[in-house]
Amino acid sequence: MTVAVFCASSEMIDDIFFQDAVKLGKEVGKRRWEVVYGGTRMGLMHCMATSAQKAGSRIIGIIPECIKQHGVAAEGLDELIVTVDMQERKQMMRERADAFVALPGGWGTLEEIAEVITLRQLGCNVKPIVFVNTNGFYNDFFMFLENIRKQGFISKVYDALYYVAETVEEALEYIDNYTPGKWESKY
């Protein structure tokens, strides 16, 4: 199993988010799952990847050249792939992953997980997609989704495209027991 983890590269966030990143890394490592992530030595990304590697995971970082040029590429990974741009990075992560997990993050995390959900909605994948809602981080985001659902922009049928876990353990249990569901096609 290879899990793609999308999460913050920020160092300026509350410790509770780092605790869950470490916990996710340890639990993934215990399962000996491979991890593919954004390839930096910053924030939740680095904590999760380091913890997973110490616990037994093989770690693949995929970083675009424009980010690598800032000197933030991780060292000591099992594999570091430098891509031309973000589009190539995201494609490689999607192709390698058997599951997707979003820890808290900013624009990049939201963009990456939204793209995976959109591709699933379009029938391009049936892989598990999980948000880890540490300390209610994504609550307002899901309220926004509920609002646009009420206005007719998203069908309730697409709620099955992803799972919201309140804990790391719940997220991994979902992936462990995942079977693709059926929903109406967008088309």
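Which residues does Trp-33 touch, not counting those up to four places away in sequence? I started my notebook with that one, working on a predicted model.

**Entry 1: Trp-33**

I looked up the contacts and got Met-1, Val-3, Val-28, Ser-57, Arg-58, Leu-172, Ile-175 and Asp-176. I then checked where Trp-33 sits, and it lies in the loop between H1 and S2. Buried or exposed, I wondered of Trp-33? Its relative accessibility is 8%, and the cut-off for buried is under 20%, so Trp-33 counts as buried. I also found Arg-31 lying over the face of the Trp-33 ring, at 5.5 Å from the ring centre. For a distance along the chain, I took Ile-59: it is 26 residues from Trp-33 in sequence, and the two C-alpha atoms are 9.2 Å apart in space.

**Entry 2: strand S1**

Val-3 was on the Trp-33 contact list, and I went to its strand next. S1 covers residues 2-6, and five of its five residues are buried. I noted that Thr-2, Ala-4 and Phe-6 are on one side, with Val-3 and Val-5 on the other, and that both faces are covered. That goes with what I know of strands: in a regular strand the side chains alternate between the two faces of the sheet.

Which strands does S1 pair with? I found S2 (residues 34-37), joined to S1 by three bridges and running parallel. In that pairing Ala-4 stands opposite Val-36. S1 also pairs with S5 in the parallel sense, over four bridges, and there Val-3 has Ala-99 as its bridge partner. I traced S1, H1 and S2 together and logged a right-handed β-α-β unit.

**Entry 3: strand S5 and its other neighbour**

Which way do the residues of S5 point? In S5 (residues 99-102), Ala-99 and Val-101 point one way and Phe-100 and Ala-102 the other way, and I have all of them down as buried. S5 pairs with S6 (residues 129-132) in the parallel sense, over three bridges. I wrote down Phe-100 standing opposite Ile-129 in S6. The chain gets from S5 to S6 through helix H5 (residues 107-121), and I logged this β-α-β crossover as right-handed.

**Entry 4: helix H7**

Leu-172 and Ile-175 were also on the Trp-33 list, and I turned to their helix. In H7 (residues 168-176) I found Val-168, Ala-171, Leu-172, Tyr-174 and Ile-175 buried. Down the axis of H7 these buried residues fall within an arc of 155°, so they line one face of the helix. I reminded myself of the geometry: an α-helix has 3.6 residues a turn, so residues three or four places apart point the same way. What covers the buried residues of H7? My list includes helix H1 (15-30), S5, S6 and strand S7 (163-165).

**Entry 5: Tyr-138 and the aromatics**

I searched the whole structure for aromatic pairs and got 13. I picked Tyr-138 with Phe-141: their ring centres are 6.2 Å apart and the planes are at 65°, and over 60 counts as edge-to-face, so that is what this pair is. Phe-141 also pairs with Phe-142, again edge-to-face, at 5.4 Å centre to centre and 65° between the planes.

How much of each is accessible? Tyr-138 is at 1% relative accessibility and counts as buried. Phe-141 has a relative accessible area of 25%, which leaves it partly exposed. Phe-142 is at 17% and counts as buried. I noted one aromatic cluster made of Phe-17, Phe-131, Phe-137, Tyr-138, Phe-141, Phe-142 and Tyr-162.

Tyr-138 itself lies in the loop between S6 and helix H6 (139-150). Leaving aside neighbours within four places in sequence, I listed its contacts as Ala-102, Leu-103, Pro-104, Gly-105, Thr-109, Leu-110, Phe-131, Val-132 and Asn-133. As a last distance I took Tyr-138 to Val-28, which are 110 residues apart along the chain, with C-alpha atoms separated by 22 Å.

Methods: Residues numbered from 1 in each chain as written. Predicted model: local features only at pLDDT ≥ 70, side-chain atom pairs only at ≥ 80, totals over all residues. Heavy atoms only, no water. Phe/Tyr/Trp six-rings, centres within 6.5 Å; stacked < 30°, edge-to-face > 60°. Buried < 20%, exposed > 50% of the residue type's maximum accessible area, 1.4 Å probe, protein only. Lys NZ or Arg CZ within 6 Å of the ring centre and 35° of its normal. Helix = DSSP H or I, 4+ residues; strand = E, 2+ residues; numbered from the N terminus. Pairing = 2+ DSSP bridges. Right-handed = clockwise from strand over helix to strand, strands pointing away. Arc of directions from axis to C-beta. Contact = heavy atoms within 4.5 Å.
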